[in-house]
Amino acid sequence: MTASNLRTCLAIVLAAGDGTRMRSKLPKVLHEIGGRSLLGHVLTTVQAAGGSEVAVVVAPEREAVAAEARRIVPAAQIFEQAERRGTAHAVLMARAALEKGADDVLVIFGDTPLLRAETVAALRAPLAAGAAVAVLGFRPADPTGYGRLVVENGALVAIREEKDASAAERKITLCNGGLMALSGKTALTILNRIGDNNAKREFYLTDAVAIAREMGLTAAVVEAEEDDVRGINTKAQLAETEAVLQRRLRQAAMDAGVTMIAPETVYLAADTQLGTDVVIEPHVVFGPGVVVEDGAVIHSFSHIAGARIGKGVSVGPFARLRPGTELGEGSRIGNFVEVKAAVFEAGAKANHLTYIGDARVGAGANVGAGTITCNYDGTSKYKTNIGKSAFIGSNSALVAPVSIGDGAYVGSGSVITKDVPADALAIGRGQQVVKEGGAQRLRDLAALKKKT
Ligand code: UD1
Ligand code: MG
């Protein structure tokens, strides 16, 4: 346990950005990377970093943003900022939360999804050591637009916003990443003193540094990597950030024992859980909510979301697993197979060209090529239950609700509309007719027609 872990922490997440440069109907912080909203990333990190109280500041009429915040942190307090009057003004919208008191107050922007819990912990450390303010600094490749950190004799004395900076100050390469930690003892006093006497006529949170100094308190800088504070304003930045996240996720997966042949072609979700000795072939896409247990192999060009894949399972190539899929140990899902809300028990197989939706496939059952569960009648969805060790012949249509008993056998090309008892043979197809010499008679007829 570090000292920071023992301190209570109020995290204030600013999510009131207008996001106009995203050119989207979707609020900026609800855009996703790694299958999770930007706000979701930030709040997940805040929780991992010990944010015991969470306040989210949203723009008016942003019920969707508030709902996303509550989905991740049910106890999150939501505050509205009616007018955008600066970062300090936004923080003060959470005054009620600030007044309750906390050892540490963190201010985090809702559009910096790559922030890591260890970075937050590092930022809190100076507070435990007595600092009133701690700022996350970084050295961007291009400092344009960022606030500059003015350091004198090793001490942080001020943050100068670019619009207010002198030519000399603009040459400073150490910039403000935006993340700030304030000691709860003095946070409100400092915030209350911030004014709007600057180029943008905004209440700048960054003024907290100079005010703390005036009050005889200390401010500290903690340096972070640029990726940690990468903010998103455009769709292009969203894509760049996604790329950084994907690199991190792939690296973490490989560090944990996953084999990837071409990691740069595999897209993971932030919450993808992969066991050891899982093999992922090139060009596989994971949506949210996937768990893959040890030793499973995901072959190329598969798309997987909301699925639990058991030990030693083989999936794909070209498989699509949709939410609610559960594949038991050693089961097999082959090429061009789609599975939705269905359980495959241990050793069950669907190897080719099949749709299994709203179903249970019993242990050891074999689903032949081209089998379709007809689960939808245009109005409602119905279940198909396939018993243990049952055999479904190729190109069968199982019209739900329907049940195939343990060990039952369905003849190829059947349309099954009635339940099949255990160990029964069901055939539901037109009878084959064979006419001896019929092919020759047809050809003769065709030749005759051509002449006349
Ligand atoms: C801010 C910092 C700057 C830093 C940069 C890092 C200030 C004054 N400046 O500048 O030093 O280098 O971030 O990216 O803090 N917001 C509100 N309400 C407001 C204003 C802002 O919620 O009234 C939110 C925005 O949605 C955004 C965040 O606060 O998430 C930062 O605001 P933004 O306008 O992007 O500040 P910058 O000019 O980038
Ligand atoms: Mg910004």
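Which strands and helix are included in what covers the buried residues of H10?

**Figure 1. Helix H10 and its covering elements.** In this predicted model, local features need pLDDT of at least 70 and side-chain atom pairs pLDDT 80 or more, whereas totals for chains, interfaces and linings use all residues. Residues are numbered from 1 along each chain as its sequence is written, chains are lettered from A and ligands numbered from 1 in the order in which they are written, and side-chain values use heavy atoms, without hydrogens and water. Strand S2 (32-33), helix H2 (38-48), strand S12 (259-260) and strand S13 (273-274) are included in what covers the buried residues of H10, where helices (H or I, at least four residues) and strands (E, at least two) are DSSP runs numbered from the N terminus. Among those buried (under 20% relative accessible area, 1.4 Å probe, protein chains only) are Leu238, Val244, Leu245 and Leu249. Gly257, with a positive phi near 100°, follows H10.

**Figure 2. The salt bridge between Asp104 and Arg7.** The two side chains meet at 2.7 Å, N to O, a salt bridge being a side-chain nitrogen of Lys or Arg within 4 Å of a carboxyl oxygen of Asp or Glu. Because Asp104 lies in strand S6 (residues 104-109) and Arg7 in the loop between helix H1 (3-6) and strand S1 (9-15), the pair ties together parts that are 97 residues apart in sequence. Asp104 counts as buried, at 0% relative accessibility.

**Figure 3. The salt bridge between Arg148 and Glu162.** These side chains meet at 3.0 Å, N to O. Arg148 is buried, with a relative accessible area of 3%, and Glu162 is buried too, with 18%.

Key
Buried means under 20% relative accessible area, exposed over 50%, partly exposed in between (1.4 Å probe, protein chains only). Contact means heavy atoms within 4.5 Å.
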